[in-house]
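User: I am new to this structure. Please show it and explain the terms used for it.

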Amino acid sequence: MTVAAAGSGFEDPSADVLAQAAAAFGLLASPARLHIVWALAQGESDVTGLAERVGGALPAVSQHLTKLKLAGLVRSRREGRRQVYYVDDPDIVDVVRLLVGRLTDRAAPARRRLHGL
């Protein structure tokens, strides 16, 4: 049974949904994995291209991709000898773009103030 939050008109999500969301946010709490998802939200890539883009070692990026893939946040397909990764969930793309975009916007005025000194 879900209980409506006082005066909000919204029902609380189930314990299962909250656990799934916490697991997804937990995976995205790693700056490296968040950067990988951000990069894949801009377009698909193989592990070599991702390692170059995010500045990570190939084995580390591969391990991050495995975790993201097991959690269902990232998918892959084979293209010849390459494994190409992509984010197949538009909601994850939206969440990552929204949060990173907002934080970037907030940081911009502070950077402008510092450069103006």
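Analyst: Here is how some of the helices are arranged and what the terms rest on.

This is a predicted model, where local features need pLDDT of at least 70, side-chain atom pairs count only at pLDDT 80 or more, and totals for chains, interfaces and linings use all residues. Residues are numbered from 1 along each chain as its sequence is written, and side-chain values use heavy atoms, with hydrogens and water left out.

User: What makes up the chain, and in which order do the elements run?

Analyst: The chain has five helices and three strands, in the order α-α-β-α-α-β-β-α from the N terminus on. Helices (H or I, at least four residues) and strands (E, at least two) are DSSP runs, numbered from the N terminus.

User: Why are α2 and α4 called roughly perpendicular?

Analyst: The axes of α2 (residues 31-42) and α4 (residues 58-70) cross at roughly 75° and come within 10 Å. Axes are lines fitted to C-alpha atoms, for helices over the stretch in contact, and angles between N-to-C directions run from 0 to 180 degrees. Angles of 65 to 115 degrees count as roughly perpendicular, under 35 as roughly parallel, over 145 as roughly antiparallel and the rest as oblique. α2 and α4 are therefore roughly perpendicular to each other.

User: How do you know that α3 and α4 are roughly perpendicular too?

Analyst: The axes of α3 (residues 47-54) and α4 cross at roughly 110°, so α3 and α4 are roughly perpendicular to each other.

User: What share of the chain is buried?

Analyst: Buried residues (under 20% relative accessible area, 1.4 Å probe, protein chains only; exposed is over 50%, partly exposed in between) make up 26% of the 117 residues.
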